[in-house]
Amino acid sequence: MLRVWSSIAKLLRLWPRAGESMSYLSELSSLTLLGTEHLEGLKLDISQFSPSLREALANFQEENPEKRLLAMSAILGFYQDLAALESPFPFKTSPLESTQARYCTPEMGELIGIMLDGYQHELLPEALRLLIATGQSLPPLLLPPLLQKAYRLSDLRPLVKELLEPMGGQLAAENAYWGYGSSHLKTYPALKSLWDKETSSAKRQLLAQLRQQHSPYALSLLESTWDNENHSSRTWYLRPLEINLSLDDEPFLERALDDRHLSIRQKAAELLSMLQESRLSQRMGKALREMLNSDGDRLYLELELNPTLNRDGIILKAGDETRAKATAIEDIFAASPLNTLDGYAPSPSAFLSLVHESSDGEAMLKGLNKAVLRQKDELWARAMIDSLGLTVLTTKLVNLLSSEDIEIRLALYLDAPLGKEHPGMRMLQSWTKPWTEVMVGGVVGMLEHSQALAQENPDFNLRQALKQAIKLAPIHSLSPFHNIFSQAEQAGLVWQSLAYSLGSMLKFREKIYLALNAPLSKGEVT
Amino acid sequence: MMNTALEHQSSGQLLCLGLNDYSLRSARSLANPQKWQGLGRNDHALWAYYHLAADKSLEVSLSLMPFSLSCSCKSPTQPCQHSLGLFYFYQQYPEAFEKAESPPWFQETEIQTFKHKALTEVEVEALWQAKEGIWQKGLEDLERWLCDIMRMGLARFKDKASLSIQQMADRLSESHAAELAKDLKQMTGILAGEQWLEPLTQRLGRLYLLSQAFKNRAALSFAAKADLYSALGDSSHKVAGKVIEDNWLVMGRNLEAQQQLKELRIWLWGEKSQQTALLIKRSYKEEKESHWSTGAFFKASLLFYPSQVPLKAELLSFDAQVDSRANRLSYPNFQGIAEAHQSYRQTLAKIPWLKAWPLYLGQTSNPNALARSESSLNCQLIDKNWLIHDGLSLKLNGKFKNFWHLRALSLHKSLWLFGEYDGKSFYPLSSYASGLVVDSKAFKALA
């Protein structure tokens, strides 16, 4: 036994020979698989083995065939493990682009890590923007979780891509799911092979990525399997086309209008109606002009539901006749270019006055609301809010207004009691763009003067508006909230809970700015 | 002092205890002022009551020097979410903790040390002789069992392997060879894999080698016998080892569960002695041993078990935790793969029963350097296998999941890794950068 072991020890000290076969153990295993009962004269041919290995095996004088097999298993096992390391690494190390990365502070890295875990994750986009604005990079260990996060949350992708170049870009290019983070676009055949084997969820992510990188590839991939997809997948895949939507997509979307499933036709029509020059928009505009008349005081609709409208996603049979008519009006208004209405009244406000007098006004307003959102028309948004006030319908339009507009409107609400359904809070809770100092001042003033903390629990609008302020207002304007939150801790339970959650968010935001450790000019991050 | 020390105890350090993101997330939600009462602190600890119900609260504390967390709840997972919640609460509201007398229930952390009388080699030999008869019986059974398998062939053995292995393992346990029995049970895992034939052949060969070594024990030195008997599961010889007093840096931790028994392997590196030590903690509870977090640095005396290559050790005395950033003067000697593997081979030549060998992989120059060269340690995905390489390559262990983090690190600079090598693959336990040891479990999970 000792002789055997000294031979093994010698083997272990020696390097197995370059290029030597590593199949010895495999050959021996074919014998152990059968067992000595069935070998009948079969034995391992060791003449091809290296001299040191032959020596190790020859040293073992075991008569018993089972023990001989066991000893050889031990020796060849050791030998194979060592030989596995012996082959030189045959691949070239990928060259690293020369970069002088300026890493963020460890404190900032830790805060980003916490947000990637899910805590205060709503502040992650701002933190990434701050890093970009100050030319700082993330430490390498945070790149994989960030890339994975943005794979799931497509809104983060442009920020992540900007932050990553060049090092993260290379990392992103190596992972099939993180391609959005790389400027290096895969070849079409490579993308096609990925497309053909991926799940529908991953395909949708890939589409969204390619819409940002190279729209024609996205469209080609979609077209390549369109006819073989089921209808829910087809509807699902149309959504990413909203990204960088252009008239180049029109031929494909027109083809989708021929689909026999209404949900697909509706989604395609919605996308085409976002392009005012599209043929569908023109068709809808023409249909609207043909059915809509005005005598100067009221609007009259002579609705003739042409079956061809069904192709353009218009629902022609929805319940009873009244409902069918209302649905069709809403759909036609929603898909028509807003400039179609220029001939009926001198301004959007004047047109809306006519709508109010019309018997089909409600359906028209619903359709108009959708059209304003799709076409992102600020003038119409302002007119709708002025005309209808802030209702469930119009709150979605708030983000189309300018910040100056919001400030002016807020000033009008300053004296309104800060009770339930405060119109200013309803407006601000829907405002998801950066807040101005004037907006913060308005909210702080209202809170301080209305004694809201002493009165009652905050309603949903107020809670959401405060959250938006803490999340979106310039950090230097938020100091009055520390005082407000400490007062709120003495108020009712709902106020206490709100003060805790928003106070934590504010503190976390402040920590981000402190950890940034870099000068930041006012308004640099928006 | 408290503030400064606690600032160093970043959330990342909690991750170094092997806590998952879910535990940390749920703990963060407890950092709410409404839930904590009776807050207090002294120079090296803080405590509070966590409010559960009207007349029910938990006693929670956090202690430094050494770092430890405790709570009066009965959660099987330690540290529990309440003690982690206290940590986060302190991070967010440090001003809420005022200096006070510690409450009666608060106890300073006491680290368990090894308290046994030292024996001479002769006394240990006598102990062994008393056991050798029992071991011999078990190992003779093992040899017969191995020969039977070789006779019938592995194809036939596979059909009834599970029961047969269990029976043989029970016989070895009865023969006081618990460690060997554990090794044997691991063969069922090999049989469950797709590629089972070669690994099983190899494993059976090594068991045979061990049984033959036992037959020839009379010719072995004391240290070689200690290694052999340690592979059987004996620990009576450990009291006869050498003692090293040093500043020890925790290089990494690996928790492995074998059925209900959890084995925590803690790897230490001695600053003056340049000696690597392995502390093994076995427990049926999920003890996190929070004072042994990766990157912790402390002054202590360790007793090394006798061995041809001393590695396993016991803690004899724990003197003080040291701030590693301010007080550490040197760093481990990182090596290229060829050099590191040579040290593995040399050790294997002495101890063929070696299971995990510590590798410090990286360029031999200063690990604080950022530059990357052709021979730098790199991590790359090749043909669906993750490898680390520097001209030669090692496979990453399949259980290691944070390979994309290593890839990201290696794109930025050369890697400096510490981990366990089992002869086939490398399991990274920590990476070394800018003077800090970062536990590989602290890498954020890819959700």
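Me: Which residues is I388(B) in contact with, leaving aside its neighbours within four places in sequence?

Reply: This is a predicted model, so read every contact as part of a prediction. I388(B) is in contact with L361(B), L377(B), N378(B), C379(B), S393(B), L394(B), L396(B), L415(B) and F426(B). That list leaves out neighbours within four places in sequence.

Me: Where does I388(B) belong in the larger picture?

Reply: Start with the general idea. In soluble globular proteins, nonpolar side chains tend to be buried together. Now the case here. The largest nonpolar core has 132 residues. I388(B) is one of those that touch the most other members, along with A127(A), L146(B), M251(B), L268(B) and L361(B).

Me: Which element gives the largest share of this core?

Reply: Helix α4(A) does, with 10 residues. A second, separate core has 82 residues. Among them are L207(A), L280(A), A473(A) and F481(A).

Me: How many helices and strands should I look for in each chain?

Reply: Chain A has 27 helices and two strands. Chain B has 13 helices and 16 strands.

Me: And what share of each chain is buried?

Reply: For chain A, 40% of its 526 residues count as buried. For chain B, 43% of its 447 residues do.

Me: What can contacts tell me about residues far apart in sequence?

Reply: Set aside pairs that are close in sequence, then look at the rest. In chain A, take contacts between residues at least 6 apart; 69% of them join residues at least 24 apart. In chain B, take contacts with a separation of 6 or more; residues 24 or more positions apart account for 63% of them.

Me: How do I read the place where chain A touches chain B?

Reply: Count residues on each side, then ask which elements supply them. Here 54 residues of chain A are in contact with 63 residues of chain B. On the chain A side, the elements giving two or more residues are α1, α2, α4, α5, α7, α9 and α27. Helix α4(A) gives the most, with 11 residues.

Me: How many nonpolar, polar and charged residues does that side of chain A have?

Reply: The side of chain A that touches chain B has 30 nonpolar, 16 polar and eight charged residues.

Me: Now helix pairs. How do I describe two that pack together?

Reply: Give the angle, the axis distance and the handedness. Then name the residues in contact. Take α18 (residues 348-357) and α20 (residues 378-388) of chain A. They pack at about 45°, with their axes 9 Å apart. That angle makes α18(A) oblique to α20(A). The crossing is right-handed. From α18(A), the contact uses P348(A), S349(A) and L352(A). From α20(A), it uses L379(A), W380(A), A383(A), M384(A), D386(A) and S387(A). By class, there are six nonpolar, two polar and one charged residues.

Me: Is the crossing of α22(A) and α25(A) left-handed or right-handed?

Reply: Left-handed: that is how α22(A) passes α25(A). Their axes come within 8 Å and cross at roughly 45°. So α22(A) is oblique to α25(A). M425(A), R426(A), L428(A) and Q429(A) of α22(A) meet N461(A), L462(A), Q464(A), A465(A) and Q468(A) of α25(A). This contact has four nonpolar, four polar and one charged residues.

Me: At what angle do α5(A) and α27(A) pack?

Reply: At about 145°, with their axes 8 Å apart. The crossing is left-handed. E107(A), M108(A) and L111(A) come from α5(A). K511(A), I512(A), A515(A) and L516(A) come from α27(A). The classes are five nonpolar, no polar and two charged.

Me: Is L418(A), in a loop, buried or exposed?

Reply: Count its C-beta neighbours. L418(A) has 22 other C-beta atoms within 10 Å, so it is buried. It sits in the loop between α21 and α22 of chain A. L418(A) and H449(A) are 31 residues apart in sequence, yet 9.3 Å apart C-alpha to C-alpha.

Me: Which residues have a positive phi without being a glycine?

Reply: N244(A) is one of them, with a phi of about 50°. It lies in the loop between α13 and α14 of chain A. N244(A) counts as partly exposed because it has 15 C-beta neighbours inside 10 Å. Q274(B) is another, at about 55°. Its place is the loop between β6 and β7 of chain B. With 11 C-beta neighbours inside 10 Å, Q274(B) counts as exposed.

Notes. Residues are numbered from 1 along each chain as its sequence is written. Chains are lettered from A and ligands numbered from 1 in the order in which they are written. This is a predicted model: local features need pLDDT of at least 70, side-chain atom pairs count only at pLDDT 80 or more; totals for chains, interfaces and linings use all residues. Axes are lines fitted to C-alpha atoms, for helices over the stretch in contact, and angles run from 0 to 180 degrees between N-to-C directions. Helices (H or I, at least four residues) and strands (E, at least two) are DSSP runs, numbered from the N terminus. Angles under 35 degrees count as roughly parallel, over 145 as roughly antiparallel, 65 to 115 as roughly perpendicular and the rest as oblique. A crossing is left-handed if the near helix is turned anticlockwise from the far one by less than a right angle, and right-handed if clockwise. Two residues are in contact if their C-beta atoms, placed from the backbone, lie within 7 Å. Ala, Val, Leu, Ile, Met, Phe, Trp, Tyr, Cys and Pro count as nonpolar, Asp, Glu, Lys and Arg as charged, and the others, Gly among them, as polar. A nonpolar core is a set of buried Ala, Val, Leu, Ile, Met, Phe, Trp, Tyr and Cys residues joined through C-beta atoms within 7 Å. A residue is buried if 20 or more other C-beta atoms lie within 10 Å of its own, exposed if 12 or fewer, and partly exposed in between; C-beta atoms are placed from the backbone.
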